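Please open the structure in your viewer and keep the sequence panel beside it, since each stop below begins with a selection. The tour moves from the whole chain to pairs of side chains and ends at the surface.

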Amino acid sequence: MPETMRKRTEEVQNHVDEICIFEDGVCIARHPVLEGRNRRRVDPAHRKAPPPRPMQQRLKGVPQRSLAFYDAVSQRLAAGGV
């Protein structure tokens, strides 16, 4: 369900091959029934995507190391060290 409907009361009808959601007697959404137990699918149109974050924000807290560091790590691992 869209986030705008979280606190509203809707009627949900579960049919053999689809689920219908009604508001004030009007069908506002139809979704196919998923095969299997405890299946869930979130329609991307029902959720607001978070705004994209700049690369600097995504890398915040990730240490910057030289390639020499990784070279030393790989040599130690290749030698069987921990």
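What follows is a sequence of selections, each with a description of what is found there.

**The whole chain**

Begin with everything selected and coloured by secondary structure, bearing in mind that this is a predicted model. The chain comes to two helices and three strands, and along the sequence these elements follow the pattern β-β-β-α-α. If you switch to a surface representation, the chain exposes about 7,700 Å², of which carbon and sulfur atoms supply 54%. Of the 82 residues, 9% count as buried. Among the contacts with a separation of 6 or more, 15% are accounted for by residues 24 or more positions apart.

**The hairpin**

Select residues 18–23, which are strand E2, together with residues 26–32, which are strand E3; the two strands run antiparallel and are joined by six bridges. Two residues lie between E2 and E3 in this hairpin, and in the turn Asp 24 has a positive phi of about 55 degrees. Within the pairing, Ile 19 stands opposite His 31 of E3.

**Glu 18 and Arg 30**

Next, show the side chains of Glu 18 and Arg 30, which meet in a salt bridge with an N to O distance of 2.8 Å. The pair links distant parts of the chain, with Glu 18 in strand E2 and Arg 30 in strand E3, twelve residues apart. How many salt bridges does the model hold by the rule applied here? The count comes to one. Glu 18 has a relative accessible area of 24%, and it is therefore classed as partly exposed.

**His 31**

Move along strand E3 to His 31. Is this residue buried or exposed, or does it fall in between? Its relative accessibility is 24%, so His 31 counts as partly exposed; the buried class would need a value under 20%. Now display the surroundings of His 31: leaving aside neighbours within four places in sequence, its contacts are Asp 17, Glu 18, Ile 19, Ile 21, Asp 43 and His 46. For one of these, Glu 18, the C-alpha to C-alpha distance from His 31 is 5.5 Å, although the two residues are 13 apart in sequence.

**Ile 28**

Staying in strand E3, select Ile 28, which is partly exposed because its relative accessible area is 37%. A distance label drawn from Ile 28 to Glu 10 should connect C-alpha atoms separated by 9.7 Å, for residues that are 18 apart along the chain.

**The aromatic pair**

Now select Phe 69 and Tyr 70, and turn the view until both rings can be seen. A pair of aromatic rings is described by the distance of the centres and the angle of the planes. The structure holds one aromatic pair. Phe 69 and Tyr 70 form it in an edge-to-face arrangement, with 5.2 Å from centre to centre and 85 degrees between the planes. Phe 69 counts as partly exposed at 36% relative accessibility, and Tyr 70 is likewise partly exposed, at 43%.

**The nonpolar patch**

For the last stop, extend the selection to Leu 67, Phe 69, Tyr 70, Val 73 and Leu 77, which make a nonpolar surface patch of about 510 Å². Which residue of helix H2, residues 67–78, remains to be inspected here? It is Leu 77, which is found in that helix. With a relative accessibility of 54%, Leu 77 counts as exposed, because that class begins over 50%.

Definitions and conventions: Residues are numbered from 1 along each chain as its sequence is written. This is a predicted model: local features need pLDDT of at least 70, side-chain atom pairs count only at pLDDT 80 or more; totals for chains, interfaces and linings use all residues. Side-chain values use heavy atoms; hydrogens and water are left out. Patches are made of residues with over 30% relative accessible area and no salt bridge: like charges are joined within 9 Å, nonpolar side chains (Val, Leu, Ile, Met, Phe, Trp, Tyr) within 5 Å. Accessible areas come from the Shrake-Rupley method with a 1.4 Å probe; for residues, only the protein chains shown count as cover. A salt bridge is a side-chain nitrogen of Lys or Arg within 4 Å of a carboxyl oxygen of Asp or Glu. Helices (H or I, at least four residues) and strands (E, at least two) are DSSP runs, numbered from the N terminus. Buried means under 20% relative accessible area, exposed over 50%, partly exposed in between (1.4 Å probe, protein chains only). Two strands pair if DSSP finds at least two bridges between them. Contact means heavy atoms within 4.5 Å. Rings of Phe, Tyr and Trp (its six-membered ring) pair if their centres lie within 6.5 Å; planes under 30 degrees apart count as stacked, over 60 as edge-to-face and the rest as tilted.
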